[in-house]
Structure formats: structure tokens, C-alpha cells
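Subject: Structure handover

Hello,

Here is the structure for your files. My notes on what turned up in it follow below.

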Amino acid sequence: MEDDELQAIRARRLAELQAKSGSAQPSQGGFPSAGGASKEDAEKSNQMEEMRRNMLYQILDNSARERLGRIQMVKAEKARAVEDLLIRMAQSNQLRSKITEKQLIDLLGQINQQETSATQTRIVYNRRQYDDSDDDYDL
């Protein structure tokens, strides 16, 4: 039942944001087609984001969704990459059931391991050799 309420709240919030963005943009007096194209693009991007959220809602369970939200607060680009990966996996039928928090943690570990092995930084110290022999001075 909470899921239905959450979906209803999201739908209302999306409608409010769309109404705000529509009323906040002044219309272009001499260029109605340019303003319409911008509005259509914004509407398409909003629709795509809504579809993306719905798909992630179907893929992830509640605890995994919360963890991904926390990751998104800290590292938005990493969370976006994980979301893209999960969506691709779902579209290619690689997922059998909803992703749990433990499975998400394992997936994040694999991604981190791939990133560190691909971009592993090495620091090499080349120390100067100091010759401390007294042979040069004939002492």
C-alpha cells in the first residue's frame, strides 16, 4: 500500500514541477516555434526521467533504492553509472528478481575493483645516489 501512495505522491510532485516550469518560462513573443521546441524537449526529458525512475523502482527493492539514493547524494555520476548498468541488465534479461541491498553492494564492489585496476596510480621514487667515498679526495 505504501508503494501506491509513494507513486501518487511522485505523480503529484511531477505535475507540480511541470506546472512550475511551464509558468516560470516566459513565452517568446516573436518566436513561438523556438519556445515550443524548448518546452517539448523539457517535457521529453522529464518523461524519460520518469520512465527511468519507474524502471529502477521495478528493479530495486526498498533498501537498495535507499542506498543508491545515498550514493547519489555523494557521488551523482557514480550513482548514474550504476543506474545505467542496472537498466541495461534488466533490458537484456540478466536480472531474475529485484536487486537487494547486498547485491547492490556486491555490484558496487565489482565496479570499484574495475575502476581501481584500470586507473591504478603508481608512484616511483628515484632517489639520487650519493657517493660518500673519500677516494676522490685522497685522504
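Which residues are linked with Arg-52 in a network of salt bridges? They are Glu-83 and Asp-84. Please keep in mind that this is a predicted model.

Overall make-up

The chain has five helices and zero strands, so read from the N terminus its elements run α-α-α-α-α. It holds 139 residues, and 17% of them count as buried. Its accessible surface comes to about 11,700 Å², with 50% of that belonging to carbon and sulfur atoms. Taking contacts between residues at least 6 apart in sequence, 75% join residues at least 24 apart.

Salt bridges

The whole structure contains eight salt bridges. Besides the network of Arg-52, Glu-83 and Asp-84, three pairs are described here.

Glu-49 and Arg-80 form a salt bridge in which the closest N and O atoms are 3.2 Å apart. This pair links distant parts of the chain, since Glu-49 sits in helix α2 (residues 32-59) and Arg-80 in helix α4 (residues 76-91), 31 residues apart. Both partners can be placed by accessibility: Glu-49 is partly exposed at a relative accessible area of 29%, and Arg-80 is partly exposed at 36%.

Lys-78 and Glu-115 also meet through their side chains, with an N to O distance of 3.3 Å. Lys-78 belongs to helix α4 and Glu-115 to helix α5 (residues 101-118), so this salt bridge ties together parts that are 37 residues apart in sequence. Lys-78 counts as buried because its relative accessibility is 16%, under the 20% cut-off. Glu-115, with a relative accessible area of 40%, is partly exposed.

The pair Glu-50 and Arg-53 stays inside one helix. Their closest N and O atoms are 2.7 Å apart in a salt bridge. The two residues are three apart in helix α2, which means that about one helical turn separates them. Glu-50 counts as buried at 15% relative accessibility, whereas Arg-53 is partly exposed at 37%.

Arg-65

One further residue is worth listing. Arg-65 is found in helix α3, which covers residues 62-74. Its side chain reaches the backbone oxygen of Leu-60 at 3.0 Å. Leaving aside neighbours within four places in sequence, Arg-65 is in contact with Arg-10, Leu-56, Tyr-57 and Leu-60.

Regards

Conventions
Residues are numbered from 1 along each chain as its sequence is written. This is a predicted model: local features need pLDDT of at least 70, side-chain atom pairs count only at pLDDT 80 or more; totals for chains, interfaces and linings use all residues. Side-chain values use heavy atoms; hydrogens and water are left out. Helices (H or I, at least four residues) and strands (E, at least two) are DSSP runs, numbered from the N terminus. A polar contact is a pair of N or O atoms within 3.5 Å; within protein, one must be able to donate a hydrogen and the other to accept it, and residues adjacent in sequence count only if both atoms are side-chain atoms. Contact means heavy atoms within 4.5 Å. Buried means under 20% relative accessible area, exposed over 50%, partly exposed in between (1.4 Å probe, protein chains only). Accessible areas come from the Shrake-Rupley method with a 1.4 Å probe; for residues, only the protein chains shown count as cover. A salt bridge is a side-chain nitrogen of Lys or Arg within 4 Å of a carboxyl oxygen of Asp or Glu.
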